[in-house]
Amino acid sequence: MKIVIQTDGLTKQFGNFTAVDNISFKVQKGEIFGFLGANGAGKTTAMRMLCGLSLPTSGKGMVAGYDIEQEPEKVKRSIGYMSQKFSLYEDLKVWENIRLFAGIYGMKSKDIALKTDALLKQLGFESERDSYVKSLPLGWKQKLAFSVAIFHEPKIVFLDEPTGGVDPATRRQFWELIYEAADRGITVFVTTHYMDEAEYCDRVSIMVDGRIDALDTPKSLKNQFNANNMDEVFHQLARKAQRSDN
Amino acid sequence: MYAIQVEGLSKNYHSAKSGKYAGLGKPSASPDQVDGVTFDVHQGEIFGIIGPDGAGKTTLFRILTTLLVPDSGTAKVDGYDVVTELKDIRQRVGYMPGKFSLYQDMTVEENLNFFATVFNTTVEENYELVKDIYQQIEPFKTRRAGKLSGGMKQKLALSCALIHKPSVLFLDEPTTGVDPVSRKEFWGMLRKLKEQGITILVSTPYMDEAFLCDRIALIQDGIFLQIDSPQGIIDQFAQTLWAVRSNNMSKLLRDLRAHPAVDTCFAFGDVHHVTLSNDSYTIAELHDYLAQLGHSTIEVHVIKAGIEDCYMQLARRVDPHSNNH
C-alpha cells in the first residue's frame with residue numbers, strides 16, 4: 001500500500017504552548033481518514049502544517065511525497081482543500097469559480113473548459129453555469145465546493161468540517177461524493193463534529209490536548225472502548241482532556 | 001400562558017416569483033425566508049427550531065427580537081406585539097445571535113457591565129442568574145472579548161444575554177461548530193436556566209439535540225414541517241424502518257437502492273436505514289436478495305426512527321426533489 005501522508009513526531013509550539021504534541025501517523029492512498037478532536041485539541045494547527053501553511057517546530061511530515069518543511073509549495077500543489085467557512089467566491093459565477101481555482105492550480109485553459117462541462121453535467125448543474133454562487137442553496141454550494149477542491153485531481157483532499165449546517169439528506173449525498181473520490185484513488189482527510197460521519201471513515205484518529213490518543217478503524221475503536229457508537233468513544237476520550245477551548 | 005405566540009408569520013427577502021431556482025426543485029424558496037409559520041411556546045419551555053442553514057431560523061429570531069419587520073402575520077412575545085410594542089419586548093428578551101456580537105475591544109468584565117447598564121440594572125442585582133456560567137470565565141475578566149477562545153466567547157455572550165434577567169431567551173445556533181462534548185455541557189447550562197423559569201427558544205442544525213428540547217419545530221425552506229415533542233415526532237414516523245449492514249457498505253447502498261421495493265436508503269453511521277414501499281416484504285426476503293448479490297455477514301432488523309429519519313421523510317414529502325441527486 002502506498003503511503004501518502006506520514007508524520008513522525010510532528011510538533012508545533014506557540015511560545016510555551018504545545019498546540020500539536022509529537023504526533024506520528026500514516027495515511028494510505030485512497031483512504032478516508034477521519035481527524036477528530038474537541039475544539040482546541042490541535043486539529044486545525046496539525047492540518048495547517050500538513051497543508052504546508054505552517055512550519056513544524058520539530059518532527060517531520062511527508063505529504064504526497066514532499067517534505068512539509070522543505071517543500072511546502074509542492075505540497076500545496078498536490079492537495080485540495082475545502083472548509084465550511086471558506087469554499088467558493090460568492091460573487092463569482094459557478095463557471096468563474098471553477099476557472100479561477102483550476103487556474104490557480106496550473107491547469108490549462110482547454111482542459112479546464114472540457115472538464116467544466118463534464119463536471120456540471122455530472123452534478124446536474126448545467127443550468128447553473130452562469131449563476132452567482134451566492135444564489136445557490138447551501139447544499140449545492142458544498143457539493144460544488146468539494147468538486148472544485150478535487151477538480152485538479154489532487155493526491156489528497158483536506159476537508160475541514162465540510163458538512164456543518166447542511167441538511168441531513170444533503171449531508172449524506174456529500175458523503176457519497178467523498179466515497180466516489182476515494183474510489184478514484186484520492187485520499188480524503190476530513191474533520192467533522194458529526195459522530196455518525198466518523199463511522200463512514202476507513203480509519204479515525206482522535207486528538208486530545210495536542211496528542212493523538214486513539215487511531216484505528218471505527219469498529220476496532222468501538223471494541224477497544226467498549227462503546228456502542230463513535231459518539232461514546234469520542235466522549236470517553238475527550239472527557240480526559242486537561243486543556244480545553246472553554 | 002404563552003411566552004411566544006406566532007401566527008402566519010412570513011418574510012421573503014426576494015420576490016417569490018423571481019424563478020431563481022426554476023428547474024432546480026426549489027421553485028419559490030428564497031434563502032432564509034419564513035413562509036407562513038404558526039406556533040406557540042409555553043412559559044418555561046425549551047423550544048427548539050431545528051433545520052439546516054438557510055432554512056429561515058435566523059430570520060424568525062430576528063423578527064421575534066424586533067430587529068426585522070415581517071411581511072405578514074403576527075407575533076407576540078411575552079404578550080407584546082413584535083411590530084407595535086417593540087420597546088416593551090426589547091426590555092424583556094435576551095438575544096444571543098449566531099455570530100459573536102459583543103464588543104471585541106472591551107474586556108469580559110466591561111462587556112457584562114455594559115449590557116447590565118444598557119438595561120438599567122447592575123451585574124450585582126442579577127448575579128445569581130449568571131453565576132454558574134460567568135464563574136467559568138471570571139478568571140479571564142480583564143481579557144478583551146476578542147481574545148477569548150470560542151467556548152469562552154459563547155459563555156460570555158450567554159452571560160450578557162441573561163444579565164437583565166429576561167423572561168424569554170433567544171439563542172440562535174449557540175452550538176454550531178462546537179464539538180460534541182462542549183455541546184452537551186452547553187445544554188446542561190440551558191436546563192439549569194429552564195429551572196429558573198426562563199423560556200428558551202433555541203435553534204440548531206444538529207438533529208441529535210432535538211431530545212434536549214421539550215418541544216421542537218423542524219424547519220425547511222421557511223416552512224415548519226412538524227411541531228411536537230421529540231418523542232411525538234418519532235412516534236409519528238409512518239413506515240417500518242430497517243437497519244441493514246453487510247461486509248461491503250458502499251455496494252450495499254447501491255444494491256439496496258436498485259431494489260424495486262426500496263423506497264429510501266440512507267447511510268446512518270455503521271448501518272444503512274431503509275424504508276420499503278411495500279411493508280409486507282419480509283426480512284428473510286431482503287436477506288436472500290442481498291446474499292444473491294454476493295453480500296456476506298448480512299444483518300437486517302427493524303429499528304425505531306430517529307429525528308433525522310423523520311426530518312428526511314417529512315422534507316421529502318414537502319419537496320420530493322430534495323433527496324435526489
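**A strand and a helix in chain A**

Okay, let's start with one pairing: Val157(A) has Val188(A) of strand β8(A) as its bridge partner. Keep in mind that we're looking at a predicted model.

So how does the chain get from β7(A) to β8(A)? It goes by way of helix α6 of chain A, residues 168-183, and that β-α-β crossover is right-handed. The two strands themselves, β7(A) and β8(A) (residues 187-191), run parallel and are joined by five bridges.

Now look at the other neighbour. Strand β6 of chain A, residues 79-83, also runs parallel to β7(A), again with five bridges. Over there, Asp160(A) of β7(A) has Ser83(A) opposite.

Is β7(A), residues 156-160, mostly covered or mostly open? Mostly covered: five of its five residues are buried. And that goes for both faces, with Ile156(A), Phe158(A) and Asp160(A) on one side, and Val157(A) and Leu159(A) on the other.

Let's move on to a helix. In α9(A), which spans residues 230-238, the buried residues are Met230(A), Val233(A), Phe234(A), Leu237(A) and Ala238(A). They sit on the same side of α9(A), because they cover an arc of only 115° around the axis. If the spacing looks odd to you, remember that an α-helix has 3.6 residues a turn, so residues three or four places apart point the same way.

And what covers those buried residues of α9(A)? From chain A, the cover includes β3 (32-37), α7 (195-198), β9 (203-208), β10 (211-216) and α8 (218-224). Chain B joins in too, with its α6 (180-195).

Methods. Residues are numbered from 1 along each chain as its sequence is written. Chains are lettered from A and ligands numbered from 1 in the order in which they are written. This is a predicted model: local features need pLDDT of at least 70, side-chain atom pairs count only at pLDDT 80 or more; totals for chains, interfaces and linings use all residues. A residue is buried if 20 or more other C-beta atoms lie within 10 Å of its own, exposed if 12 or fewer, and partly exposed in between; C-beta atoms are placed from the backbone. Helices (H or I, at least four residues) and strands (E, at least two) are DSSP runs, numbered from the N terminus. The arc is that of the directions from the helix axis to the C-beta atoms. Two residues are in contact if their C-beta atoms, placed from the backbone, lie within 7 Å. Two strands pair if DSSP finds at least two bridges between them. A crossover is right-handed if, with the strands pointing away from the viewer, the path from the first strand over the helix to the second runs clockwise.
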